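Q: I am new to this structure. Please pick one part, take me through it closely, and then show me how its surroundings fit in.

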Amino acid sequence: MTIGAGTPGSSSPTGAGSTTGGAGGAEAGSTTGGVLGGERVRIYEVGPRDGLQNEARPIATEDKRRFIELLVDAGLREIEATSFVSPRAVPQLADAGDLLRSLPRGRGVRFPVLVPNVHGLERAEASGADAIAVFTAATDEFTRHNIGMTVDQSLDAFAPVLERAASLGWWRRGYVSTAFGCPYTGAVAPERAVGVALRLLGLGVDEVCFGDTIGVAVPSQVRDLLARTLDAGVPLDRVALHFHDTRGTALANVVAGLEAGVGCFDASTGGTGGCPYAPGAAGNLATEDLVYLLDGLGVQHGADLAGVLAAARFVTERLGRPLSSKVGQAGGWDPETGRAVA
Ligand code: HMG
Ligand code: MG
């Protein structure tokens with residue numbers, strides 16, 4: 001199937017999003033068979049976590065909180081806030097507990113946090129978490145560098161974490177990094193990624209997320225991986241896609257995912273991001289670029305472009321760097337006047 005037609009920007013001439021926020025992010029999903037214009041997808045914001053975990057210049061907890069507030073104001077309803085990992089491994093997120101406790105609750109927003117082990121789960125629980133993401137990969141080499149375990153060992157470590165989280169009624173995601181390519185071992189056969197996804201689902205995650213950790217995928221690979229995922233019996237409303245935009249293919253990959261029927265896409269406001277254990281990983285797909293694309297396609301998502309741009313300017317200013325995303329530089333577009341809008 002094809003996705004809905006529309007002039008880019010036509011659904012939101014002022015940069016406003018296609019629908020209001022609400023708790024839709026956490027509820028919406030897609031069925032298999034391709035998203036049509038008018039349908040709704042989830043944008044899963046990873047800026048505060050993936051965006052900030054690799055920054056040379058750490059930013060203050062108060063600035064992280066303000067960034068997240070701006071993301072909420074922009075209509076984003078799933079915001080991966082931080083990680084309960086070793087502060088020695090990722091000092092940028094050492095303030096995870098203080099940050100999570102300070103976040104605005106009650107606006108229908110889900111704030112998942114990364115958790116690698118039981119220790120991380122306990123810290124998350126003590127800080128008021130109610131949604132977690134565990135993270136492994138399709139390759140042992142990457143997983144060893146990232147969390148000091150093989151894939152098998154990581155799944156063993158996640159079992160009690162996911163069991164406890166389920167007993168607490170928490171939402172649970174499982175990442176499969178290096179789903180399209182590994183910085184240590186090269187090409188990754190799609191069946192490896194699907195196999196790990198199946199094992200994560202067997203451990204009780206609500207959703208699996210395939211990560212293009214170093215940004216090497218192209219749309220044919222996305223289509224192939226999703227077809228194999230479906231063949232393995234996994235409905236695509238339990239699948240999310242996480243593209244780093246290292247080589248400029250992230251938006252094309254999103255379109256491939258939309259056409260296949262995926263209903264959740266990760267993005268990072270300001271286009272920041274990268275994994276400290278993935279040499280060559282650049283920023284995530286920028287949320288503002290994703291929002292512009294979805295608006296133009298007539299796919300609803302609940303975020304507001306002007307609000308996302310405000311958050312992007314805020315965080316990149318705090319990081320001391322220019323806003324380098326495409327839409328961050330060009331602005332939105334008003335089809336009435338033909339002019340860019342800030
Ligand atoms: P380790 O050193 O093997 O763990 O680290 P350990 O069990 O031997 O413990 C060593 C020390 O760490 C101990 O402290 C533990 O208490 C402490 P010490 O006794 O030496 O003072 N420790 C912890 N402290 C706080 N929170 C914890 C925790 N666990 C142990 N949860 C570990 C193993 C997993 C902890 C470490 O390797 C780690 O934290 N790695 C971080 C990896 C990471 O955050 N990577 C980036 C995120 S993944 C990503 O970006 C990819 C993604 O975006 C998708 C994609 O792009 O594909 C999700
Ligand atoms: Mg990532």
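A: Start with a strand pairing: β5 and β8 run parallel and are joined over 4 bridges. Keep in mind that this is a predicted model. One of the links can be named: valine 176 has phenylalanine 210 in β8 as its bridge partner.

Now look at β8 itself. The strand covers residues 207-212. How many of its residues are buried? The count is 6 of 6, so β8 is mostly covered, given that 20 or more other C-beta atoms within 10 Å make a residue buried. The side chains split into two sets. Glu207, Cys209 and Gly211 point one way. Val208, Phe210 and Asp212 point the other way. Both sets are buried.

Next comes the partner strand, β9. Here β8 and β9 pair in the parallel sense, over 5 bridges. To get from one to the other, the chain leaves β8, passes through α9 and enters β9. This β-α-β crossover is right-handed. Two positions help you line the strands up. Glycine 211 has histidine 242 of β9 as its bridge partner. Valine 208 stands opposite valine 239 in β9.

β9 is mostly covered as well, with 5 of its 5 residues buried. Val239, Leu241 and Phe243 point one way from the strand. Ala240 and His242 point the other way. Each of these five is buried.

What packs against these strands? Helix α10 is part of the picture. It spans residues 250-260. Its buried residues are Ala250, Asn253, Val254, Ala256, Gly257, Leu258 and Ala260. They pack against β8 and β9, and also against α9, β10 and α11. Just past the end of α10 sits glycine 261, with a positive phi of about 115°.

Go back to β5 and step just beyond it. Threonine 178 lies in the loop between β5 and β6. Is threonine 178 buried or exposed? It is buried, because 32 other C-beta atoms lie within 10 Å. Its backbone deserves a look too. Most residues other than glycine have a negative phi. Threonine 178 is not a glycine, yet its phi is positive, at about 50°.

Now turn to ligand 1. Which residues are closest to it? They are Val85, Ser86, Gly120, Ser177 and Gly211. Gly211 is the residue you met in β8. The whole shell has 26 residues. By type, 11 are nonpolar, 13 are polar and 2 are charged. β5, α5 and α6 each supply at least two residues of this shell. α5 gives the most, with 3 residues.

For another part of the chain, look at helix α3. It holds residues 61-73. Why does its length make sense? At 1.5 Å a residue, its 13 residues should span 18 Å, and its end C-alpha atoms are indeed 18 Å apart. Several of its residues are buried: Lys64, Arg65, Phe67, Ile68, Leu70, Leu71 and Val72. Note that Lys64 and Arg65 are on that list. The buried residues of α3 pack against one strand, β1, and three helices, α2, α4 and α12. Just after α3, glycine 75 has a positive phi of about 95°.

Before α3 comes a loop from α2, and alanine 56 lies in it. Alanine 56 counts as exposed, because it has 8 C-beta neighbours inside 10 Å. It still has a distant stretch of sequence within reach. Leucine 319 is 263 residues away along the chain, but the two C-alpha atoms are 8.8 Å apart.

Finally, step back to the whole chain. It has 342 residues, and 54% of them are buried. Its secondary structure comes to 13 helices and 12 strands. Links between distant stretches appear across the chain. Of the contacts between residues at least 6 apart in sequence, 76% join residues at least 24 apart.

Key:
Residues numbered from 1 in each chain as written. Chains lettered and ligands numbered in written order. Predicted model: local features only at pLDDT ≥ 70, side-chain atom pairs only at ≥ 80, totals over all residues. Near = placed C-beta within 6 Å. Nonpolar A, V, L, I, M, F, W, Y, C, P; charged D, E, K, R; others polar. Buried ≥ 20, exposed ≤ 12 C-beta atoms within 10 Å, placed from the backbone. Contact = placed C-beta atoms within 7 Å. Expected span 1.5 Å × (residues − 1). Pairing = 2+ DSSP bridges. Right-handed = clockwise from strand over helix to strand, strands pointing away.
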